[in-house]
Amino acid sequence: MAGIWIVAETREQAFELLGAGRLLAPEMETTVTAVVAKGSASPQECIARGADEVLLLAELAPGEPFGAQLPVIEQEARASSPHAILFSATARGKETAARLSARLAAGLCSACTALAFDKATGSIVMERLAYGGAAIQKLAASAAPVVITIPPRSFEPAEAMDGRQGKTRELPAPPPSAVKIVERKPKEKVSKDITEARVIVCAGRGFDKKEDIALARRLADALGGELGATRPLTEELHWLPEDLCIGLSGVQVKPELYVGLGVSGQVQHMTGVRGAKVVCSVNRDENAPIFALSDFGIVGDLYEVVPKILEKLET
Amino acid sequence: MPTIVACFKWVVDEVYIRRGAGGALDFSSVDYKIGEYDRNAIEEAVRQRDAGGGGSVIGVTVGTPESAKGVKDGLSRGMDQAFFVSDPSFKDLEPSQTAAILAEVIRSRIPQYDLIACGEGSSDLYAQQVGPRLAELLGIPCVCFVQKLSIEGGRLRAERRVEDGVEVVEAPLPALVTVLPDINTPRIPGVRDTLMAGKKPVITVKRDELTGTFEGALKTAAMTASSLERTGEKLAADSAGIARFVDSLRKSGVIK
């Protein structure tokens, strides 16, 4: 049996990947198989959301990483030769997808943002960003299988339907992995999820010191929004948690309003706000790239401009 | 004393890519650079060598003959020698092809190594595939997205960053890691480093010295400029500008 496969570690991933898989399966007149970790989405939930078959990954022994499942997934994929295998583009998903692709000598479209089946050529057509977001790369796969990773929240999750039926099978436990987890450090403080925020005020390198970020927070509060950041603030200076990092290597956001304060407007960052309805900015450098990528912006020192904006907002 | 392989790529500096006629990419005034993330891989390889009390860092890069500048750039960042796998056809390679070429070169020409370091992704395609694919082709353990690394007694210990926190993992050597940007701060080569780089050995490997077919699996049907441009109205920082800014915010309907 061929078909579209989705491999999910969590319930949320399973639903989104089923949504993406269902864009292809009817067009390709094929089935959907959900390969899911035990304790994520239940087989019934997957079947209701479009899976014709559910393969349950065995529970991992303590210390075994998700990648340990690779030989089991590989063996099943070799046996049933799917057309396409979809993973979430999370850290574990990206690594496992790339390793599986190497084992199957398959092409892999990383961080796919659009996909469709082209009946005329019999190929799966995919889109992704390249050159830091400055370009859109369109890839076509005619040979099977093609492996695809999907950034979380890129596709609509599949809705449950009534009266669907499917089979469930339990997969064997994998052999021990060479890589062992010796310690897990869960995130100390889970910061706000800004992917669903209506308004985002983003702090950039234009801030001189950590304490000054309070100014951005004040504007965010006044606008009823959340605080975001550019990569240097989260990765280099560690002034804000990494979850707030917007851009290609951070989160993609789609607020009604984005306000960039002291943000220069590098393409890697701005590509993360391409879904924003209104983009505006404050930057003292009139040649900063962000102005061309904004709907409107103020050329000026954010330390002088933001208090004035706050004042004006109150009137 | 460890032998560490650092993989890197000489890429177009995306800052100079312009949007050409009809949405085509205009590369006419581009400059090139070593991928940002690959600089962290080279730096980490050099630091692990030094922490291990000597040994060597061998750089490997795949590209067109024009990438020779990148080899020298890489060597100026502390590597001891480099393999330059070069052919005019090695342009716009897919990650699967790059990984296959790297695998053959490492397998056939670097008989013993302890660690392979790659960046988390290339600066141009950022497909994040070459590292993990290479590990599979070589049949060695792989740890991706590493923010902290140490080597001791034939094993590595790494902090891998995942969505829900950090996994501290151990694996036997030889192994491959892909590193995150905050694992280190890459050095900026000085004049002396650049002069020394010219004296370090470079082994050029040509296409016909390799046996693989290196066929691609996907087809790039199009590569077009993405449009991020907006109206770009610039306002002054005076009271009229502030008033117009706040007015525009209100008109957007997002705030009251």
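Begin with chain A selected as a whole: 53% of its 315 residues are buried. The model is a predicted one. Chain A holds eight helices and 16 strands, and its C-alpha atoms fill a box of roughly 65 × 50 × 40 Å along the principal axes. Of the contacts in chain A with a separation of 6 or more, 62% are between residues 24 or more positions apart.

**The open sheet of chain A**

Stay in chain A and select strands E5, E9, E4, E1, E2, E3 and E10. These seven form an open sheet, in the order E5-E9-E4-E1-E2-E3-E10, with parallel pairing. At the edges stand E5 (107-109) and E10 (167-170) of chain A; each has a single partner strand, so one side of each lacks a neighbour in the sheet. From one strand to the next the twist averages 20°.

Within this sheet, pick out residues 4-8 and 84-88 of chain A. These are strands E1 and E4, paired in the parallel sense over four bridges. To find the register, colour Trp5(A): its bridge partner in E4(A) is Ile85(A).

**Chain B as a whole**

Now switch to chain B. Six helices and 15 strands are found here, and the C-alpha atoms fill a box of roughly 70 × 40 × 40 Å, taken along the principal axes. Of the 256 residues of chain B, 46% are buried. Where contacts in chain B join residues at least 6 apart in sequence, 71% of them link residues at least 24 apart.

**Strand E12 of chain B**

Select residues 175-179 of chain B, which make up strand E12; five of its five residues are buried, so the strand is largely enclosed by the rest of the structure. In a regular strand, side chains alternate between the two faces of the sheet. Show the side chains of E12(B) and look at each face in turn. One side carries Ala175(B), Val177(B) and Val179(B), the other Leu176(B) and Thr178(B), and all of these are buried.

Next, add the strands that pair with E12(B). Strand E8 (residues 115-119) of chain B pairs with E12(B) in the parallel sense over five bridges; Leu115(B) has Ala175(B) as its bridge partner. Strand E9 (residues 142-152) of chain B also runs parallel to E12(B), joined to it by three bridges. Here Cys142(B) is bridged to Leu176(B).

**A residue in helix H1 of chain B**

Centre the view on Ile42(B), which lies in helix H1 (residues 36-51) of chain B. Ile42(B) has 30 C-beta neighbours inside 10 Å and therefore counts as buried, the cut-off being 20 or more. Beyond its neighbours within four places in sequence, Ile42(B) is in contact with Ala6(B), Phe8(B), Gly59(B), Gly74(B), Arg77(B), Gly78(B), Met79(B) and Pro186(B). For a sense of distance across the chain, draw a line from the C-alpha atom of Ile42(B) to that of Arg230(B): the two residues are 188 apart along the chain and their C-alpha atoms are separated by 38 Å.

**Where the chains meet**

Show both chains together. Contacts between them involve 65 residues of chain B and 73 residues of chain A. On the chain B side, at least two residues each come from helices H3 (95-109), H4 (130-138) and H6 and from strands E9, E10 (155-162), E11 (165-172), E14 (219-225) and E15 (233-236). E11(B) gives the most, with eight residues. By class, this side of chain B divides into 38 nonpolar, twelve polar and 15 charged residues.

Two parts of the meeting of the chains can be selected in turn. The first is a strand pair: E8 (residues 135-141) of chain A and E14(B) pair in the antiparallel sense over six bridges. Use Leu139(A) as the marker; its bridge partner in E14(B) is Thr220(B).

The second is a helix pair. Helix H8 (residues 302-314) of chain A packs against helix H6 (residues 239-251) of chain B at an angle of about 60°, with the axes 10 Å apart. That angle makes H8(A) oblique to H6(B), and their crossing is right-handed. Display the contact residues: Val305(A), Lys308(A), Ile309(A), Lys312(A) and Leu313(A) come from H8(A), and Ile242(B), Ala243(B), Phe245(B) and Val246(B) from H6(B). This contact has seven nonpolar, no polar and two charged residues.

Note on methods
Residues numbered from 1 in each chain as written. Chains lettered and ligands numbered in written order. Predicted model: local features only at pLDDT ≥ 70, side-chain atom pairs only at ≥ 80, totals over all residues. Buried ≥ 20, exposed ≤ 12 C-beta atoms within 10 Å, placed from the backbone. Pairing = 2+ DSSP bridges. Axes fitted to C-alpha atoms, helices over the stretch in contact; angles between N-to-C directions. Parallel < 35°, antiparallel > 145°, perpendicular 65-115°, else oblique. Left-handed = near helix turned anticlockwise from the far one by under 90°. Contact = placed C-beta atoms within 7 Å. Nonpolar A, V, L, I, M, F, W, Y, C, P; charged D, E, K, R; others polar.
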